[in-house]
Amino acid sequence: MQVFSLTYEFKLKPTSAQITIFEDWLEQCRRVYNYALAERKDWFKSRSCQINACSLHSEYIIPADVKRPTYASQCKALTAHRKSNPKLQRVQSQVLQQTLRRLEQAFVSMWEQNHGFPRFKKAGTMRSFVFPQVAIDGVLDGAIKLPVIGWVKFRQSREIPEGASLKQVRIVRRSSGFYVMLALQWAVGVPEAMPHGEAIGIDVGISHFAAVSNGKLFPNPRPFKKLERKLKLLQQRVSRKVKGSNNRKKAQVKVSHLHERIANTRKNYYWILAHNLCDWAGMIFVEDLNLKGLARGFLGKHCLDAGWGQFFQVLEQCCRKRGVFFLKVDSKKTSQICPNCLVVETAKKELSERIHSCLDCGYTTDRDVAAAQVVLIRGLAAVGHTVKMLSEGKAVALPVTKESLCL
């Protein structure tokens, strides 16, 4: 049976006693995570040197018949250790097991997705814990019943749809407070959106955040660039405070608030832009960019500030909700091809060249808009639609309309 899943996020309004419980549980989860990681790391190091040689730095003596620590074996050991540890007894057992599952997922990501080796978490860096099972009637108007903790109020900013089953509850700590994420599921199958209606292509950039094939240009908000100087001053104040002092903690809170403000500004802009684009078309095509490679380039800071990867995720979610077809196409040479005659330029364009002017057909437009039109042509060809050339009726001119979103 197919299922449809959505996650609803609300801000909690816990009491001071409940905040103390949340912080204590996060600390215990951090210690369990670090202990399990140390156990796995020691096992790997004991097998890293050759049989006929010893390490020059250190040598881990673990018997050869000891198996590699896994999620199942560590859960079994946690159950036995929890009986003699009163601090772990205060935390629900499934919450601690989900912490071990998070560590297991970190190793799977390292093996399968080439992620780095998992790191130990410092004090205060564990930001969430998960309840995998919650009572069916555990959510009422503005309150949720958590195991062991009890009823906790939250700010219900929107209605929760009926007929859904609550699969998981995640408590997240941020600089602005605690939040709850409700994972809801419906036993219904949602059909995938088929290609239909008007199509648009989107090219992302730095000078303009997004250029649409119809000539619209959206500005780049640059949230990090605008607040970079203020962030630098706050981080200097943190470095000048004594480590472990209350003044240092207060300064760190201000830095965290500013980082959250930057992230919220960026994400809010993404959703406004995504809904604006979905109002125009039934098919949206974007570039399949090598985001990691762009982040390592000389414009890496500006690329990370733009956050194109998160924007594509938000746009894809918005298209799924609105019934708009979404597809990523090849991004190679989108700036070197004329969208009117499809002739590839031999000389590579410099970043300072912001106007596309074809020497073969004379088509002139903004460089980013021309790239978006090439993306549109590739997307239409990918879904099997007939490609209509720009010279068959579309205007050939510089874009004059620029959309400005209110933040």
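Helices and strands here are DSSP runs, numbered from the N terminus, with at least four residues for a helix and at least two for a strand. Keep in mind that this is a predicted model. The main thing to look at is an open sheet of seven strands with antiparallel pairing. After that come a loop residue, Glu162, and a positive surface patch that includes Lys241.

**The sheet and its edges**
- Reading across the sheet, the strand order is 2-6-7-1-5-4-3.
- Strand 2 (128–131) and strand 3 (139–140) sit at the edges, and each has a single partner strand, so one side of each has no neighbour in the sheet.
- At one of these edges, strand 2 pairs with strand 6 in the antiparallel sense, over four bridges.
- If you want a residue to check there, try Phe131, whose bridge partner in strand 6 is Val169.

**Strands 3, 4 and 5**
- Strand 3 pairs with strand 4 (residues 143–146), again antiparallel, over two bridges.
- Val139 stands opposite Ile144 of strand 4.
- Ile144 also has a bridge partner in strand 5, namely Val152.
- Strand 4 and strand 5 run antiparallel and are joined by four bridges.

**The two hairpins**
- The hairpin of strand 3 and strand 4 has two residues between the strands, and Gly142 takes a positive phi near 75° in it.
- In the hairpin of strand 4 and strand 5, there are three residues between the strands, and here Val148 takes a positive phi near 70°.

**Glu162 in its loop**
- You'll find Glu162 in the loop that links strand 5 (150–155) to strand 6 (165–174).
- Glu162 has a relative accessibility of 76%, so it counts as exposed, the cut-off being over 50%.
- Glu162 and Trp186 are 24 residues apart along the chain, and 9.4 Å separates their C-alpha atoms.

**The positive patch**
- Arg237, Arg240, Lys241, Lys250 and Lys254 form a positive patch on the surface.
- Helix 5 (223–240) and helix 6 (246–278) are the elements that give two or more residues to the patch.
- Lys241 has its place in the loop between helix 5 and helix 6.
- With a relative accessible area of 30%, Lys241 is partly exposed, a class that lies between the buried limit of under 20% and the exposed limit of over 50%.

Methods: Residues numbered from 1 in each chain as written. Predicted model: local features only at pLDDT ≥ 70, side-chain atom pairs only at ≥ 80, totals over all residues. Heavy atoms only, no water. Buried < 20%, exposed > 50% of the residue type's maximum accessible area, 1.4 Å probe, protein only. Patch = residues over 30% accessible without salt bridge, like charges linked within 9 Å, V, L, I, M, F, W, Y side chains within 5 Å. Areas by Shrake-Rupley, 256 points an atom, 1.4 Å probe, with all protein chains shown as cover. Salt bridge = Lys/Arg side-chain N within 4 Å of Asp/Glu carboxyl O. Lys, Arg positive; Asp, Glu negative; His and termini not counted. Charge placed at Lys NZ, Arg CZ, Asp CG, Glu CD. Pairing = 2+ DSSP bridges.
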